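Colleague: Could you walk me through this one and tell me how you justify the words you use?
Modeller: Gladly; have a look first, then ask away.

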Number of protein chains: 2
Amino acid sequence: QMPRGNLETIHHRALVLAQLRKWLDGLRFKDAFECMRKLRINLNLIYDHNPSVFLDNIEMFLKQIDSINHINLFLTELKEEDTTTTMYPSPLRSDSSSASGKGGKKVDIVCDALRSTMETLDPQKYCLCILTSHVKKTAPELEIALQKVHELRVNPPSGSNSVNAEEALKYLLFLVNVNELYEHSLGTYDFDLVLMVAEKSQKDPKEYLPFLNMLKTMELNYQRYTIDKHLKRYRKALHHLSKCGEEHFTELLNLVKDQKLYSDALELYPSDSEQYKTLSVAYGEHLVEQQQAEQAGLLLWRCGETARALQAFVSCTSWRHALAVATHIPLPPEQLALLARDLAEKLLEARRHREAALCLEQYAKDCEEAISALIQGAAWEEALRLIYLYNRQDIIETNLKSALLDAHSNQTSFLESQKALFIRHKNRLAVVRELKAKAKLELFDEDGADCADAELYSEASSVLTGSHLGSKYSRSNSRISSRSSKNRRKAEGKKHSLKEGSPFEDIALLNALIQIITIVDKMREEVHSLLKALVLFQFDGPASSLQRNYSDLLQLMETALPEIWSENLQQGQTPLTGPNSTANSIMASFQQQRPAVPQQDMEALTAPKMRNTIKWKLSILK
Amino acid sequence: QMPRGNLETIHHRALVLAQLRKWLDGLRFKDAFECMRKLRINLNLIYDHNPSVFLDNIEMFLKQIDSINHINLFLTELKEEDTTTTMYPSPLRSDSSSASGKGGKKVDIVCDALRSTMETLDPQKYCLCILTSHVKKTAPELEIALQKVHELRVNPPSGSNSVNAEEALKYLLFLVNVNELYEHSLGTYDFDLVLMVAEKSQKDPKEYLPFLNMLKTMELNYQRYTIDKHLKRYRKALHHLSKCGEEHFTELLNLVKDQKLYSDALELYPSDSEQYKTLSVAYGEHLVEQQQAEQAGLLLWRCGETARALQAFVSCTSWRHALAVATHIPLPPEQLALLARDLAEKLLEARRHREAALCLEQYAKDCEEAISALIQGAAWEEALRLIYLYNRQDIIETNLKSALLDAHSNQTSFLESQKALFIRHKNRLAVVRELKAKAKLELFDEDGADCADAELYSEASSVLTGSHLGSKYSRSNSRISSRSSKNRRKAEGKKHSLKEGSPFEDIALLNALIQIITIVDKMREEVHSLLKALVLFQFDGPASSLQRNYSDLLQLMETALPEIWSENLQQGQTPLTGPNSTANSIMASFQQQRPAVPQQDMEALTAPKMRNTIKWKLSILK
């Protein structure tokens, strides 16, 4: 070949990479490495190009490179990044090359693989590289590296080409910050090593020697605990402290509390020990503060702290556990009854009437209050069961019948209000949709740009009145009230406004309609149970009217579903296509629709499911 | 104007209709009527053109027409159809004209309105028209018409232009079939009227006279009952029969049973009467046959038939009612206990463990069985409560702990199987989607028509194995088994097949994924309760592993949601738009997408909601 002058030194990167890939495929690591070093190409490529081939041929790699410095260079340049996807994407990317994600981090995989090969080949020769491989891991293994340096010192290697402890430590200090290394040397609990590092550092011996001397006077475990605590390794500190005997338990308890190491501490003691109990109590107090009283109760109960457990369970109305502990203690009958009444009161506040009734019946032995709770909670069948179980038929006349009629009138007026609201929203939706359709047509109609919209809106608005009708009916004593208030809260949470003329009024109306349908649909079981109770006490008239009203309302909703949620609602309003549409007009109508339906509103565009399989009607009523 | 020959008699319909509308708007009914009669235009238009105007001007209409025959003609031509929308659509349709749907049927509205006006103006003159208006109603009022004829006979009108009974009857016979009229005359219970009609008919007196004579000998109510029964008017028959005294009660009971008039019959007797009870028992038997045993029980209980009521309640496992009746009777303790055991067994079969436990505890007084039922139903807290309430801590060691560990391993393996299935479906979905996208691109790519699809599919298929993995795990004793079998049944109900390569495999996969997510998400409460119980008995290890597994699986699903249900899934796959698209290509891609997503599959395209607000994790576990 003839000399070709300056051009020789200019390298087209694609050509170079192609050549590198060829070399790497041919396992010519040396050539590749030299070239990459010269042209400053990231050395990660050696691994990234084909991870499995590299890992299978590490020995060959080491033998070809054959330079401690070069191997260290390769190790220090390792990064998690896959250079074949970021810096040097291959034009002919084979699918198999993305093997980087095969479990574990790349840097750690390469470090570990190289080290294990080097340790097999010649640990003395590769000493510094082995140290590098420890230090470069994503979680640097400084202790192990230090340990190896320490070994070199204790057993100096005999080989001619071997590194001595001094050199190795110097090299480490070159890789790692000296203070960090000192701390980690402390962590090995090996004072020789500590001194070795300390001497190499610029630290003042007056600073570290007193500390080291003090440590040396301590009992082994307490010494290690002190070091761990100094290094903020609290878990290890806890572990060592736990071996220091009972006289240090208070210190341990404080450590646990300070560092919130409760579950770690519990693992260190047998569950029947005094310490376990003390730790559990501390943990329990902590959990109660964290609003985790039930879990506190469980921990306290299982270590025998029944009184504290009871307190914890009561505080979070974990009534079953509370009563179980109370009978486990066992509480004297009067106190048990008081406890049960206390729990029942909380449960009633939370509208958990059946559970309250159980407390009152079984523990407070007050069947009258229990029945009253059930009646209050519209649990008619259960109330009736207790009435006959305790032979208290008098309650039927004094309470049950009037409660049934109250519930009937509450349900009736609630249904009425929901019906009115449903019809109002439905009608308004039709108006809004018509207005939107008109507005859209005008957008595409090039002639008509008369801004009559504002007027149209205000005209349509005048049909309707102000506030929610529903709230007017929400003062009933049955379950309805909690339901409708939940409904209101939910409605407030929604971001679109029902206010007339607001930009997403249609979405807001759809959401409101879904809510009404869902609430009314959910009443099937409640109505069914009320109907049965009414029939049992000969209130056939009210029962029939309720059945008719409810059935009519469900029918009204069922019929309205296809009208409100029409077929093409979800695909956006009908795309404007037809004989006069152009590619542009169609696209315009699309771009217009897209932002109108963000993901969070998708559910408003899906018709709610009505649970028509649930049979609630009584065939004996007309 | 000059004569214009034959053309005079040819009428362009549009012109005629325009003229008619003008006349009707000007209240010139006479002109309109004459013209319509001549040109055979449907007379309904007179009303349909503007219903409210017509109804407001009936008197003017009658006075202008002023012919009994013409008014009858108008009445007999009335139809429900709105001719302005069907036969004679107006070119300039004003929105208000669709007033036809303003409650009630059109024919009835017009008949009633005309009649009331005619009766005010001159009932004698309009006699025949009034009869027509009765007969033409959608439910012909033949009795009223006949009654009017009868009145004419009893009090012959004095006016010169008045119609006599003979003429009126003849006219009626012209409108209505003679046999029908005879039957209805019977229905008036007026034998004079019957005879009058019978004489006019071609009926053989030998045929009807004996019947009439027999009727005449009867007591009034029984006579009417017999007539009603003859006319198949069973409700009226029942009513009259109920007035005939106790000696006819058996006949009444048979009538009620034959015609299933139970609720009508019950209304005729006071609820404390013997008949009421007998009818209730009959009704109860009927309801039990109709699989309405609970309602039967209610009816039987309220009339005091407690034993039968109990039987009915037991037969449908209405256990609360059954036990209430049983204590109402009251059943002796041993029998009550047996009953409770019987009910508990049924409840256990239905996997209603808590209810079964209540029966066993409170009525069979068998706390051991009750606790066992609760353990079987994974109601750990409730089981524990009873264990301590009845001081049976021995059960903790003998049953509870092993049941907890069993439940733990069942849950664990169930979660594992669901995870495997989820991943399998998810991966397969990705494959199917890729294949579909490729197939679609090929459809629009005019060059590539190489049918490589079949091969691609079969290649992808080979990755996967045969049957559902889930079924393998469904033999556990906890709630899981019933759940997964329900799941399987549900899956079978779906119409799309999960079979590889089936046309809607993607939809089927989405449905399957939704099911898995829903089932796993529903386990939050169950897992929470199990975790607490495990912790209480120091099984921290199993509890931690379960918490980790479940948490991981939920996390896996949560992360997969946006990938599986991506933003543009619901708008169909991304419409093929871009610099190279044309109006036709865009439309083509639309028409292609539409049928691919029928309404019933819409739910598969919506990501299921995960109940992330439900806190199930224990913070004390790692």
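Colleague: Which residue just after α1(A) takes a positive phi?
Modeller: That is L27(A), with phi at about 60°. Please keep in mind that this is a predicted model.

Colleague: What about L27(B), and where is it placed?
Modeller: L27(B) lies in the loop between α1 (13-25) and α2 (29-39) of chain B. Its phi is near 60°, a positive value in a residue other than glycine.

Colleague: Back to chain A. How do you know that the span of helix α1 is close to what is expected?
Modeller: Helix α1 of chain A covers residues 13-25, which makes 13 residues. The expected span is 1.5 Å times one less than the number of residues, and that gives 18 Å here. From its first C-alpha to its last, the helix reaches 18 Å, so the value and the expectation agree closely.

Colleague: What makes you say that the buried residues of α1(A) line one face of the helix?
Modeller: The buried residues are V16(A), L17(A), L20(A), R21(A), W23(A) and L24(A). Looking down the helix axis, they fall within an arc of 160°, so they line one face. On the other side, L15(A), K22(A) and D25(A) are exposed.

Colleague: Which elements does that buried set pack against?
Modeller: The partners are α2 (29-38) and α3 (44-48) of chain A.

Colleague: Let's turn to charges. Why is the pair of E141(A) and K137(A) called a salt bridge?
Modeller: The cut-off is 4 Å between a side-chain nitrogen of Lys or Arg and a carboxyl oxygen of Asp or Glu. The N to O distance for E141(A) and K137(A) is 3.0 Å, so the pair qualifies. By this rule there are 64 salt bridges over all chains.

Colleague: And are E141(A) and K137(A) buried or exposed?
Modeller: Buried means under 20% relative accessible area. E141(A) has 19% and is therefore buried, and K137(A), with 13%, is buried as well.

Colleague: What makes D112(B) partly exposed, when its partner R115(B) is called buried?
Modeller: Partly exposed covers values between the 20% and 50% limits. D112(B) has 27% relative accessibility, so it counts as partly exposed. R115(B) has a relative accessible area of 10%, so it is buried. Their side chains meet in a salt bridge at 2.8 Å, N to O.

Colleague: How are D112(B) and R115(B) placed in the helix?
Modeller: They are 3 residues apart in helix α7 (residues 106-121) of chain B, which means a separation of about one helical turn.

Colleague: Why does the bridge of E143(B) and R233(B) count, and what does it link?
Modeller: Its N to O distance is 3.3 Å, within the 4 Å cut-off, so it counts. The pair links distant parts of the chain, 90 residues apart. E143(B) sits in helix α9 (residues 142-154) of chain B, and R233(B) in the loop between α14 (220-230) and α15 (234-242) of chain B. With 24% relative accessibility, E143(B) counts as partly exposed.

Colleague: Which residues of chain A are joined into one network by salt bridges that share partners?
Modeller: D112(A), R115(A), K137(A) and E141(A).

Colleague: What makes the bond from I329(A) to P330(A) cis, and where is P330(A)?
Modeller: Omega of that peptide bond is near -15°, and the bond is cis. P330(A) is in the loop between α21 (319-328) and α22 (333-349) of chain A. In chain B, a cis peptide bond joins I329(B) and P330(B), with omega about -15°.

Colleague: Now the interior. Which residues touch the most other members of the largest nonpolar core?
Modeller: W380(A) and W380(B) do, in a core of 228 residues. Leaving out residues up to four places away in sequence, W380(B) touches several residues, including I375(B), L400(B), L404(B) and L530(B).

Colleague: Finally, why is S551(B) called buried?
Modeller: Its relative accessibility is 18%, under the 20% limit, so S551(B) counts as buried. S551(B) is in helix α31 (residues 540-564) of chain B and touches W616(B) and K617(B), not counting residues up to four places away in sequence.

Terms used:
Residues numbered from 1 in each chain as written. Chains lettered and ligands numbered in written order. Predicted model: local features only at pLDDT ≥ 70, side-chain atom pairs only at ≥ 80, totals over all residues. Heavy atoms only, no water. Core = buried A, V, L, I, M, F, W, Y, C linked by side-chain atoms within 4.5 Å. Buried < 20%, exposed > 50% of the residue type's maximum accessible area, 1.4 Å probe, protein only. Contact = heavy atoms within 4.5 Å. Helix = DSSP H or I, 4+ residues; strand = E, 2+ residues; numbered from the N terminus. Arc of directions from axis to C-beta.
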